[in-house]
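Hi there,

Here is the structure I promised to pass on to you. Have a look at it first, and then read on for what turned up.

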Amino acid sequence: MTQRRTLTNQLALSMLASDGIAAIWRLHMAAADAHQTGNPAAADALQDIVEAAEEAWLRAEGAREFAA
């Protein structure tokens, strides 16, 4: 795993831990805002974080489903 991917995953997990699923919505909104205001690099970076957060959320949901 690359250093950037590791940092992206750490950011995503930290945001999920503090804000739960609301973090995913806020990340989507921030990425859209960055795109609309002409900041494509920021939008791409935020999109990477939101994708990592969504993947982590889905993994956790699957683990809870199978634990029941």
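Let me begin with Arg-4: at 52% relative accessibility, this residue counts as exposed, because exposed here means over 50%. Please keep in mind as you read that this is a predicted model.

Arg-4 has a partner. Its side chain meets that of Asp-48 in a salt bridge, with 2.8 Å from N to O. The two residues come from distant parts of the chain, 44 residues apart: Arg-4 belongs to helix H1 (residues 3–19) and Asp-48 to helix H3 (residues 40–67). Asp-48 has a relative accessible area of 25%, which makes it partly exposed.

How many salt bridges does a search of the whole structure find? There are three, and the one between Arg-4 and Asp-48 has just been described.

Another salt bridge joins the side chains of Arg-5 and Glu-55, at 3.3 Å from N to O. Here Arg-5 sits in helix H1 and Glu-55 in helix H3, so this pair ties together parts that lie 50 residues apart in sequence. Both residues are partly exposed: Arg-5 has a relative accessible area of 29%, and Glu-55 comes out at 39%.

The remaining pair is Asp-19 with Arg-26, whose side chains meet at 3.3 Å, N to O. Asp-19 is partly exposed at 37% relative accessibility, and Arg-26 is partly exposed at 44%.

Now for helix H2, which covers residues 22–36. With 15 residues at 1.5 Å a residue, H2 should span 21 Å, and the C-alpha atoms at its ends are indeed 21 Å apart, so the expected and modelled spans agree.

Which residues of H2 are buried? They are Ala-23, Ile-24, Leu-27, Ala-31 and Ala-34. Looking down the axis of H2, you will see these buried residues fall within an arc of 100°, so they line one face of the helix. Turn to the other side of H2 and you will find Trp-25 and Gln-36, which are exposed.

One last thing to look at is the stretch just after H2, where Gly-38 takes a positive phi of about 85°.

If you would like a route through the model, you could start with the two pairs that link H1 and H3, Arg-4 with Asp-48 and Arg-5 with Glu-55. From there, go on to Asp-19 and Arg-26, and finish with the buried face of H2.

Enjoy exploring, and best wishes!

Notes: Residues are numbered from 1 along each chain as its sequence is written. This is a predicted model: local features need pLDDT of at least 70, side-chain atom pairs count only at pLDDT 80 or more; totals for chains, interfaces and linings use all residues. Side-chain values use heavy atoms; hydrogens and water are left out. A salt bridge is a side-chain nitrogen of Lys or Arg within 4 Å of a carboxyl oxygen of Asp or Glu. Helices (H or I, at least four residues) and strands (E, at least two) are DSSP runs, numbered from the N terminus. Buried means under 20% relative accessible area, exposed over 50%, partly exposed in between (1.4 Å probe, protein chains only). The expected span of a helix is 1.5 Å times one less than its number of residues. The arc is that of the directions from the helix axis to the C-beta atoms.
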